[in-house]
Amino acid sequence: MLTFLSPPAFGKPKSPPQIPVLVRSPLFRIKSTITVRSLPVMSAPAISGGTSFFSGFTRLCKGLAVILVGGHIAVQILPSAVNYLALIPARTIPFAWNLITAGYIERSVHGVIISTIGLLFIGKLLEPIWGSREFLKFIFLVNFLTSLCVFITAISLYYVSSQENYLYMPLSGFHGVLSGFLVGIKQSIPDQELSLLRIKAKWLPSLTLLVSTIMSFFTADPATYLPTLIFGTYISWIYLRYLQKKPEAKLRGDPSDEFSFSTFFPEFLRPVIDPIASILDRMLCGRFKTSNGTRGYALGGAPLPSSGPMEASRRRERGARALEERLAADMLGTGGRAEELKKDAAEDV
């Protein structure tokens, strides 16, 4: 149990009350209990429970949800609109705008429901952390670059297999951005736990890709969703790892070890993944480390740890867990010594 002391207040001194805080929600919960003494501590926002779980959606998320629902209604009323709004690789050269519009077109009812719910609830968590402008920028870049990578992949598959269905298969959906949102959750609240699945939030992107890959062996057209999910996850990680600006810390990206590429894989695979991922790290991260170092964030050629509020929150959480484990171990040790003393006294008697 941690105690944060607040500075003395003006006026008559009062003994500050201790408030045990246990964050819970229908989706996430934090195991540790922290005692706070009237000091606002900057930490990763928790998802509130109760009636507020279904309220507090931001205007930007509501507007994007209207676009998703409107796009679905449009293609249901005018089916021919799919030829101009969805990503059809054979027609992308004259209709280049479908690299942008394809991500906002959901052709199925379950697709638009899942996309709208995911946008509203995950956006309610991420937009306050990043800000509305950065949140919208993230959606635009991930959607566009994912569509571009899917287009290149479809053309490559056509030249390899000579199957024309890769050229004329309509590709659309918001699931590429949704997979990117899961990467944002992994970065922002990695140690919060899903109350339903009993897993930590940092494993959401990996489990999503694993389940989607398994499902691809039992579905007719896995090319309509699997490449989008893979590229959406990977591009989101590249952007958050190397490119996202953090004005409060004057840094780009998130260089922490908890957000490295190998953390998407189980522990036993990381020794194999790390050497491969280090190539990309030297290509991208090395340049940004040098740039950050010229601004005074390096010492002796080695970059200092990130000083942003998100990284500070992670350090506080790790410190809280370490201290609680240490106190628990000390309590167990004290109890064990007390039992030994009782046994010795009984033997002496």
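**Aromatic contacts, charge pairs and burial in the predicted model**

One aromatic cluster is formed by Y104, W130, F135, F138, F174, F181 and Y239. The structure analysed here is a predicted model. A search of the whole structure returns 18 aromatic pairs. One of these is the pair F140 and F144, which is stacked. Its ring centres are 6.4 Å apart, and its planes meet at 5°. The angle falls in the stacked class because planes under 30 degrees apart are counted there. Both F140 and F144 belong to helix α5, which covers residues 132-161. Four residues separate them, about one turn of the helix. F140 has a relative accessible area of 39% and is therefore partly exposed. F144, at 27%, is also partly exposed.

Helix α5 also carries I139 and F151. I139 is buried, with a relative accessible area of 1%. F151 is buried as well, at 14% relative accessibility. The limit for the buried class is under 20%, so both values qualify. Each of the two residues was also examined for a partner distant in sequence. For I139 the partner is S236, 97 residues away along the chain. The C-alpha atoms of I139 and S236 are separated by 9.3 Å. For F151 the partner is T228, at a sequence separation of 77 residues. In space, the C-alpha to C-alpha distance between F151 and T228 is 9.9 Å.

A further long-range pair involves helix α4, residues 109-130. L120 lies in this helix. Its relative accessibility is 16%, so L120 counts as buried. L120 and T58 are 62 residues apart along the chain. Their C-alpha atoms are 7.8 Å apart.

The loop between α5 and α6 (165-168) contains S162. The phi angle of S162 is near 60°. This is a positive value in a residue other than glycine. S162 has a relative accessible area of 57% and is therefore exposed.

Charged side chains were considered next. Side chains of opposite charge can pair when their charged atoms come close. The search of the whole structure finds one salt bridge. It joins the side chains of R270 and E267, with an N to O distance of 3.0 Å. This distance meets the criterion because the cut-off is within 4 Å. The two partners fall into separate burial classes. R270 counts as buried, at 16% relative accessibility. E267 counts as exposed, at 57%. A charge also sits over an aromatic ring: the charged end of K186 lies over the ring of F264. The distance from the charged end of K186 to the ring centre of F264 is 4.7 Å.

The structure holds zero disulfides. Accessibility was computed for two cysteines, C61 and C149. C61 has a relative accessible area of 0% and is therefore buried. C149, at 23% relative accessibility, counts as partly exposed.

On the surface, a nonpolar patch has an area of about 580 Å². The patch is made by L207, L210, I214, F217 and F218. One of its members, F217, lies in the loop between α8 (204-216) and α9 (226-243). The relative accessibility of F217 is 67%, so F217 counts as exposed. Membership of a patch requires over 30% relative accessible area, so the value for F217 satisfies that condition.

Notes. Residues numbered from 1 in each chain as written. Predicted model: local features only at pLDDT ≥ 70, side-chain atom pairs only at ≥ 80, totals over all residues. Heavy atoms only, no water. Patch = residues over 30% accessible without salt bridge, like charges linked within 9 Å, V, L, I, M, F, W, Y side chains within 5 Å. Areas by Shrake-Rupley, 256 points an atom, 1.4 Å probe, with all protein chains shown as cover. Helix = DSSP H or I, 4+ residues; strand = E, 2+ residues; numbered from the N terminus. Buried < 20%, exposed > 50% of the residue type's maximum accessible area, 1.4 Å probe, protein only. Phe/Tyr/Trp six-rings, centres within 6.5 Å; stacked < 30°, edge-to-face > 60°. Lys NZ or Arg CZ within 6 Å of the ring centre and 35° of its normal. Disulfide = S-S within 2.5 Å.
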